[in-house]
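Hi everyone, thanks for coming. Please have the sequence and the 3D view open while I talk, and stop me whenever something is unclear.

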Protein chains: 2
Amino acid sequence: MPLEGIPEVVAGSDISELVISALESSKLELKDSDIVVIKQKIVSKAEGRLVNLDNVIPGRRALHYSKSQSKDPRLMELILQESVRVIRSGHGVIITETKQGFVCANSGVDQSNIGKGLASLLPIDSDRSARRIRKSLQARTGKRLAIVITDTFGRPWRKGQTDVGIGCSGIKPSVSFRGRADAYGYALRVTEPALVDEVAGAAELVMGKLSRVPVAIVRGVSYKRDEGGVKSLIMPRERNLFR
Amino acid sequence: MPLEGIPEVVAGSDISELVISALESSKLELKDSDIVVIKQKIVSKAEGRLVNLDNVIPGRRALHYSKSQSKDPRLMELILQESVRVIRSGHGVIITETKQGFVCANSGVDQSNIGKGLASLLPIDSDRSARRIRKSLQARTGKRLAIVITDTFGRPWRKGQTDVGIGCSGIKPSVSFRGRADAYGYALRVTEPALVDEVAGAAELVMGKLSRVPVAIVRGVSYKRDEGGVKSLIMPRERNLFR
């Protein structure tokens, strides 16, 4: 369910408070086990993670990459500042590993839905952001909830993007079926659906890209509670075949 | 909505017929614009894409990779036969580019949910399979439908897997927002949600891995009609940064 009526979010906004008032005006109520899916952009805004590009002075590396990838050098400076390494660049795309451990285009820095001359950075720790919002929403509603914060990531071998979880709380991000037998008695080996990412994609279907619906409620999905966060989904360096 | 009551599928089964009878026994009806999501496994079964491993003779390359990745050499032979190239191998994983153009683990060859001693191969052309099923289901129901055939793919930098579309018909696989303005007047540059993949992930949430629910119905998603198929989502070689 899309949650309509979330107003403009600014630095310092209390997202759980905005969710509660949008629920009231929508005549919706949260139930136990609901997953509240929240777009990264409003979390970044609330946490003051917007940067005015006029205040950014690009360094030498940023000037180099901005030339080869035809991007604003100030934006490139932010992309590099938010990264620990550049994984690939080409065709106007720069893929980095972010400080949070995600591999994505532009370190998750982007300019949509925030206003001219600004760039938004990913929350410093989206699992922590999710935990804070969950605790506050639980206290206000008395319900046991899960939170998934989502962003839109590309995929290396497929055009287009899907929303994925970049932070979560109150939900185990994946479900392991390892060692469990299928209907024929075959023991599954690697099956581990990344539940938060499927929830993120499902939520995106009702949120859209142009409408101002940055929050959705996913109901009826069974999941385990866990505080490992999305960071527990990051492929460890030694198992990563695509560094 | 999960569609319960699909019986065991065998080579030659007519999937649209099985869907119709499962709908009847579930007292469900398809509506115009419904997306019928179907797991690859039953499509492969219906199309006779199961192989008895006893009939597979591993070649030299298969013996080499099976040793280094500790896999059954007969399974490795099938994986190589289904591929056009090996992209990476390591840690017991082999990532290939399939003849269909997908980059995934094991060329999509797998052994779950089919019975002992067998391996399933991907449909030869899942877009064509989807088209065939759509036409037959449309003829039987009189409704305008879309079909998405899904499989479970891993991701290079994230643990766990999500279901993605490997074939579709009656639906444009992604939605381009390029050049469209957000609420602040900023023209979006690369935004192109991969709708079929988000639909696939959403459907997986109700299908599960152990229950025999290989079909789900997704209702209420707005999409465009198009016959480009999932193959139109494949990143062209010259734009692929992760060959």
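**A walk through the model**

Let's begin with contacts inside chain A: among those between residues at least 6 apart in sequence, 57% join residues at least 24 apart. Before I go on, please keep in mind that this is a predicted model.

Staying with chain A, let's get a feel for the overall build. Chain A has six helices and nine strands. Its radius of gyration is 19 Å, close to the 18 Å that the globule rule gives for 243 residues, so chain A is as compact as a globular protein of that length. If you draw a box around the C-alpha atoms of chain A along the principal axes, the box comes out at roughly 55 × 50 × 25 Å. And how much of chain A counts as buried? The figure is 49% of the 243 residues.

Next, the domains. Chain A is divided into two of them: domain 1 covers 1–47 + 123–235, and domain 2 covers 50–122. Notice that domain 1 is written as two stretches of the chain. The C-alpha centres of domain 1 and domain 2 of chain A lie 25 Å apart. Where they touch, domain 1 of chain A gives 12 residues and domain 2 of chain A gives 11 residues. On the domain 1 side of that contact in chain A, α2 (40–46) and β7 (146–155) each supply at least two residues. Which element gives the largest share of that side? For domain 1 of chain A, the answer is α2(A), with four residues. Sorted by class, this side of domain 1 of chain A has four nonpolar, four polar and four charged residues.

Now please turn to chain B, and find strand β7, residues 146–155. Is β7(B) mostly covered or mostly open? Mostly covered: nine of its 10 residues are buried. Look at the partners of β7(B). With strand β1 (residues 35–39) of chain B, β7(B) pairs in the parallel sense over five bridges. You can spot Val36(B) standing opposite Ile147(B), which belongs to β7(B). With strand β8 (residues 158–169) of chain B, the direction is antiparallel, and nine bridges join β8(B) to β7(B). In that pairing, Phe153(B) stands opposite Thr162(B), and Gly154(B) stands opposite Gln161(B). β7(B) and β8(B) form a hairpin, with two residues between them. Like its partner, β8(B) is mostly covered, with 11 of its 12 residues buried.

From β8(B) we can step across to the other chain. How many residues of chain B are in contact with chain A? There are 49, and they meet 49 residues of chain A. On the chain B side, β8 supplies at least two residues, and so do β3 (83–90), β4 (93–98) and α6 (195–207). The largest share of this side comes from α6(B), with seven residues. By class, the residues of chain B that touch chain A divide into 23 nonpolar, 13 polar and 13 charged.

How do the two copies sit relative to each other? A rotation of 180 degrees, with 0.0 Å of shift along its axis, superposes chain B on chain A, and the RMSD is 0.0 Å. The two copies are therefore related as by a two-fold rotation axis. Which residue of chain B comes closest to the rotation axis? That is Ala202(B), whose C-alpha is at 2.3 Å. Also, 100% of the interface residues of chain B are interface residues in chain A too, so the copies meet through the same surface.

I'll finish with two residues in chain B that are fun to look up. Ser70(B) has a positive phi of about 45 degrees although it is not a glycine. You will find Ser70(B) in the loop between α3 (60–68) and α4 (73–81) of chain B. Why is Ser70(B) called exposed? Because there are 8 other C-beta atoms within 10 Å of its own, and a residue counts as exposed at 12 or fewer. His91(B) also has a positive phi, of about 55 degrees, and is not a glycine either. His91(B) is in the loop between β3 and β4 of chain B. With 12 C-beta neighbours inside 10 Å, His91(B) counts as exposed.

That's my tour; I'm happy to take questions.

Conventions. Residues are numbered from 1 along each chain as its sequence is written. Chains are lettered from A and ligands numbered from 1 in the order in which they are written. This is a predicted model: local features need pLDDT of at least 70, side-chain atom pairs count only at pLDDT 80 or more; totals for chains, interfaces and linings use all residues. Copies are superposed by least squares on the C-alpha atoms of residues with pLDDT of at least 70 in both. Two residues are in contact if their C-beta atoms, placed from the backbone, lie within 7 Å. Domain bounds come from an automatic or database domain assignment. Ala, Val, Leu, Ile, Met, Phe, Trp, Tyr, Cys and Pro count as nonpolar, Asp, Glu, Lys and Arg as charged, and the others, Gly among them, as polar. The radius of gyration is taken over C-alpha atoms; the globule rule is 2.2 Å times the number of residues to the power 0.38. A residue is buried if 20 or more other C-beta atoms lie within 10 Å of its own, exposed if 12 or fewer, and partly exposed in between; C-beta atoms are placed from the backbone. Two strands pair if DSSP finds at least two bridges between them.
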